[in-house]
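Me: I'd like to walk through this model feature by feature. Could you give me the general idea each time, then the case at hand?

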Amino acid sequence: MRPSPFAVFTAAVLACGPARALENGLARTPPMGWNSWNKFQCDVSETLIEQMADALVATGLRDAGYAYLDIDDCWQGARDSGGFIHPDPVRFPSGMKALASYVHARGLKFGLYSDAGAQTCAKRPGSRGFEQADARQYASWDVDYLKYDWCYTDGMSAPAAYGAMRDALAHAGRPILFSICEWGKSQPWTWAPSVGNLWRTTGDIGICWEKKACKSEWTTGVMNILDLQVGLEDAAGPGHWNDPDMLQVGNGLSDTEDRTHFSLWALLSAPLLAGNDIRSMSAATRETLTNREVIAIDQDPLGVQGHKVRDDGAEEVWAKPLAGGAMAVILLNRGEAPVRIRFAWMELGWSARPVAVRDLWRRADLGPFREAFSAEVAPHGVVLVRLTPSR
Ligand code: GLA
């Protein structure tokens, strides 16, 4: 039997991986945590962050793996005469070291945001020309994660600018996970694996299934972002991941769409950064974000990003090889009516054999199947199954 294109792809990724990767020991699996931007934009403060730290613990998110608590744009105040940045004194009166200590005391890690240009996207001071001072300041505050944006960078080279901050972080005296956010503009998947632990592949995610439903012209839909991930798979692996942007789960998509978004991000080995108000989320949102069997697909130690196996218009099949010879498969219905989607083992490069099928949202073992599986899939929904061949 000729190997399927999917089997050829998987073998190639496992054999080669990227030529050089940033080996700072971090993000061996895709980072998980919470980030302030999607829900709060510039409305951040130490009170909000302390409440989120408490909520990450109280809701069980921390114990499900959401380790990083990241403040996005707008925490910055001014630089001092020595060039060192300080937080906004009104919003963060106790300072960042105290806030990091509050976060660390709850068993979490602490993240901040800056920008490679002279200003951040929200016009706070950026790091251009201050890379070393900023990296040292973050380390002195016990920061664990830096997201580094790309506003106000006209004429700058992204590999050089991100390389400068990578080097500054490497000399800061503390391991700091490095998140590259240049929106996929200069094909970061071709150069970023040796520079950062993750890199955004697209513009900003909105609270919308497709672009036409997005309220802001700056944002794009979950399905548009998904389409842009095809072909980027081999850049990802332990320590270096494609980043299709943070989660909008709990921010206004339907519960079905939230589960679809979360399932697909897990299959893509994407960072899982919740972006909703976890202090007041619904039971359905909490269940989606804490489904451990789905999280395990994202966090699988093999670290192979999933791949689109078949595209029949509104019906798609995606698969991700897992450690130990198992496979995660998503049946995706992008259409407006329920459909039955079928796939055969042959499409995964498997010959006919008994395979145990488990539905990860219904949390049900569906029994062994010999050569194919089919399920009815709701509009905008997925069926996510884990396939385990019998020994
Ligand atoms: C850009 C980034 C977002 C967010 C904002 C903050 O748009 O892509 O994720 O960080 O800036 O201003």
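**Disulfides and domains**

Reply: Let's start with a covalent link: Cys42 and Cys74 form a disulfide, with their sulfur atoms 1.8 Å apart. A disulfide here is a pair of cysteine sulfur atoms within 2.5 Å, and by that rule the count is 3. Keep in mind that this is a predicted model, where local features need pLDDT of at least 70 and side-chain atom pairs count only at pLDDT 80 or more, while totals for chains, interfaces and linings use all residues. Residues are numbered from 1 along each chain as its sequence is written, and side-chain values use heavy atoms, with hydrogens and water left out.

Me: Which parts does the pair Cys42 and Cys74 tie together?

Reply: Helices (H or I, at least four residues) and strands (E, at least two) are DSSP runs, numbered from the N terminus. Cys42 sits in the loop between helix H2 (37-40) and helix H3 (46-58), and Cys74 in the loop between strand S2 (68-70) and strand S3 (76-79), so the disulfide joins parts 32 residues apart in sequence.

Me: How is the protein chain divided into domains?

Reply: The bounds come from an automatic or database domain assignment. Domain 1 is 5-10 + 306-389 and domain 2 is 21-298; their C-alpha centres lie 30 Å apart.

Me: And how much area do domain 1 and domain 2 bury between them?

Reply: Buried area is the accessible area (1.4 Å probe) that two parts lose on being put together, summed over both. Here that's about 2,200 Å², 64% of it on carbon and sulfur atoms. Arg334, Trp361 and His380 supply 31% of the area that domain 1 buries against domain 2, more than any other three residues. As for contact (heavy atoms within 4.5 Å), 24 residues of domain 1 touch 25 residues of domain 2.

Me: How many salt bridges are there between domain 1 and domain 2?

Reply: A salt bridge is a side-chain nitrogen of Lys or Arg within 4 Å of a carboxyl oxygen of Asp or Glu. There are 2 between the domains. Arg334 makes a salt bridge with Asp227, the closest N and O atoms being 2.8 Å apart. The whole structure holds 22, including Lys97 with Asp142 (3.4 Å, N to O). Lys97 is in helix H5 (residues 96-105) and Asp142 in the loop between helix H6 (131-140) and strand S6 (145-149), 45 residues apart.

Me: One last residue: where is Trp189 found?

Reply: Look in the loop between strand S7 (177-180) and strand S8 (198-200). Leaving aside neighbours within four places in sequence, Trp189 contacts Gly184, Trp199, Thr201, Leu232, Ala235 and Asn242. The C-alpha atoms of Trp189 and Trp241 are 8.7 Å apart, with their positions 52 residues apart along the chain.
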